[in-house]
Amino acid sequence: MSYRELKQRVLQANLDLVKAGLVVLTWGNASGADREHGVMAIKPSGVAYDRLNADDIVVLDIASGQVV
């Protein structure tokens with residue numbers, strides 16, 4: 001899976017949380033992992049959901065925690 005695809009999936013999961021009424025303001029988020037490539041993607045704290053896009057999603061190396 002490409003980083004772009006992973007970011008898009010995580011974006012959609014976060015937007016689905018909003019639609020389901022499971023978040024308040026910017027609290028709460030969903031993440032996703034691509035274990036084959038050793039990375040995860042997560043919504044950064046404090047980003048408003050109504051302004052969130054795939055470029056805001058951060059991809060990290062699972063082992064080191066470093067931004068990819």
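**View 1. Isoleucine 42 stands opposite valine 58 in β3.** This pair belongs to a predicted model, so please read each view here with that in mind. Strand β3 covers residues 58-61, and four bridges join β2 to β3. The two strands run antiparallel.

**View 2. Strand β2 shows two faces.** In a regular strand the side chains alternate between the two faces of the sheet. Take a walk along β2, residues 39-42, and you will meet this alternation. Val39 and Ala41 point to one face and are buried. Met40 and Ile42 point to the other face and are not buried.

**View 3. β1 and β2 form a hairpin.** Here, too, the strands run antiparallel, and four bridges join β1 to β2. If you would like a place to start, find glycine 32, whose bridge partner in β2 is alanine 41. Between the strands of the hairpin there are four residues. While you are in this hairpin, look for glycine 38, which takes a positive phi near 70°.

**View 4. Twelve residues make up the largest nonpolar core.** Among them are Leu6, Val10, Leu11 and Val23, together with Val39 and Ala41. Val47, Tyr49, Leu52, Ala54, Ile57 and Val59 also belong to this core. The elements that give two or more residues to the core are α1 and β2. Of the elements, α1 gives the most, with three residues.

**View 5. Valine 59 has many neighbours to look for.** Leaving out residues up to four places away in sequence, valine 59 touches Val39, Met40 and Ala41. By the same count, valine 59 also touches Tyr3 and Lys7, as well as Gln66, Val67 and Val68.

**View 6. Leucine 17 sits in helix α1.** Is leucine 17 exposed or only partly exposed? Leucine 17 counts as partly exposed because its relative accessibility is 21%. Beyond its neighbours within four places in sequence, leucine 17 is in contact with Leu22, Val23, Asn29 and Ala30. Alanine 30 is 13 residues from leucine 17 in sequence, and the C-alpha to C-alpha distance of the two is 7.9 Å.

**View 7. Val24, Leu25 and Trp27 make a nonpolar surface patch.** The patch has an area of about 390 Å². Where should you look for tryptophan 27? Tryptophan 27 lies in the loop between α1 (3-19) and β1 (31-34). With 58% relative accessibility, tryptophan 27 therefore counts as exposed.

Definitions and conventions
Residues numbered from 1 in each chain as written. Predicted model: local features only at pLDDT ≥ 70, side-chain atom pairs only at ≥ 80, totals over all residues. Heavy atoms only, no water. Patch = residues over 30% accessible without salt bridge, like charges linked within 9 Å, V, L, I, M, F, W, Y side chains within 5 Å. Areas by Shrake-Rupley, 256 points an atom, 1.4 Å probe, with all protein chains shown as cover. Salt bridge = Lys/Arg side-chain N within 4 Å of Asp/Glu carboxyl O. Buried < 20%, exposed > 50% of the residue type's maximum accessible area, 1.4 Å probe, protein only. Contact = heavy atoms within 4.5 Å. Pairing = 2+ DSSP bridges. Core = buried A, V, L, I, M, F, W, Y, C linked by side-chain atoms within 4.5 Å.
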